[in-house]
Amino acid sequence: MEELKICKNCKHYNPHYYRESCNLKETYSGHCIGYRVRRLVAENKTCDKWEPDFNKQEERNETFKNILLQASKRIMDIAEILKAEEE
């Protein structure tokens, strides 16, 4: 099945989210990083910068994993400092 050439399926498209209660929900718009200046776009539009997003989700997951690991290390460091101050 051929992928639709719309912004949502492009490797340059980054969706926008909003916070609802304790969850993040995806909006129907985002921005394009295929240009020098970020452009706001709707997910169903397209332009001449469109490229397939073969590894976009895997790259994002790897980035999030690294961010979470770094945050975890910092939290552990803070916990050690607080524990040392109690003693």
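Which side chains meet in a salt bridge at 3.9 Å, N to O? I looked this up at the start and noted that the pair is Glu20 and Lys25. The model is a predicted one, and I treated every value below as computed from it.

**Entry 1: Salt bridges**

I counted two salt bridges in the structure. For the Glu20 and Lys25 pair I then checked exposure. Glu20 is partly exposed, at 38% relative accessibility. Lys25 is also listed as partly exposed, with a value of 32%.

I next turned to Lys11, which forms a salt bridge with Glu51, with 3.5 Å between the closest N and O atoms. This pair links distant parts of the chain, the two residues being 40 residues apart. I placed Lys11 in the segment before strand E1 (13-20) and Glu51 in the loop between strand E3 (39-42) and helix H1 (56-86). Lys11 has a relative accessible area of 41% and is partly exposed. Glu51 is partly exposed as well, at 32%.

**Entry 2: Ser21**

I looked up the backbone of Ser21. Its phi is near 55°, a positive value in a residue other than glycine. Ser21 belongs to the loop between E1 and strand E2 (23-32). I asked whether Ser21 is buried or exposed. Its relative accessible area is 63%, and because that is over 50%, Ser21 counts as exposed.

**Entry 3: Overall fold and extent**

I recorded one helix and three strands for the protein. Along the sequence the elements follow the pattern β-β-β-α. The radius of gyration is 19 Å, well over the 12 Å that the globule rule gives for 87 residues, so the protein is more spread out than a compact globule. I also noted the box filled by the C-alpha atoms, roughly 60 × 30 × 25 Å along the principal axes.

How many of the 87 residues, as a percentage, count as buried? I found 16%. I then looked at contacts with a separation of 6 or more: residues 24 or more positions apart account for 44% of them.

**Entry 4: Ala71**

I selected Ala71, which is found in helix H1. Its relative accessible area is 32%, and because this lies between 20% and 50%, Ala71 counts as partly exposed. I took the C-alpha to C-alpha distance from Ala71 to Gly34 and obtained 29 Å. In sequence, Ala71 and Gly34 are 37 residues apart.

**Entry 5: Cavity**

I searched for cavities of 30 Å³ or more, and the structure holds one. The space in the largest cavity is about 50 Å³. Which residues line the largest cavity? I listed four cysteines, Cys7, Cys10, Cys32 and Cys47, together with His12, Tyr13, Val41, Thr46 and Trp50. I sorted this lining by residue class and obtained seven nonpolar residues, two polar residues and no charged residues. Cysteine, tyrosine, valine and tryptophan count as nonpolar here, so Cys7, Tyr13, Val41 and Trp50 are among the nonpolar members of the lining. His12 and Thr46 are the polar members, because neither residue type is in the nonpolar or charged group.

Conventions
Residues numbered from 1 in each chain as written. Predicted model: local features only at pLDDT ≥ 70, side-chain atom pairs only at ≥ 80, totals over all residues. Heavy atoms only, no water. 1 Å grid on protein atoms, 1.4 Å probe; cavity = no way out; pocket = protein on both sides within 12 Å on 5 of 7 lines; lining within 4 Å. Points joined across faces, edges and corners; volume = space filled by probe spheres on them. Salt bridge = Lys/Arg side-chain N within 4 Å of Asp/Glu carboxyl O. Helix = DSSP H or I, 4+ residues; strand = E, 2+ residues; numbered from the N terminus. Buried < 20%, exposed > 50% of the residue type's maximum accessible area, 1.4 Å probe, protein only. Rg over C-alpha atoms; globule rule 2.2 N^0.38 Å. Contact = heavy atoms within 4.5 Å.
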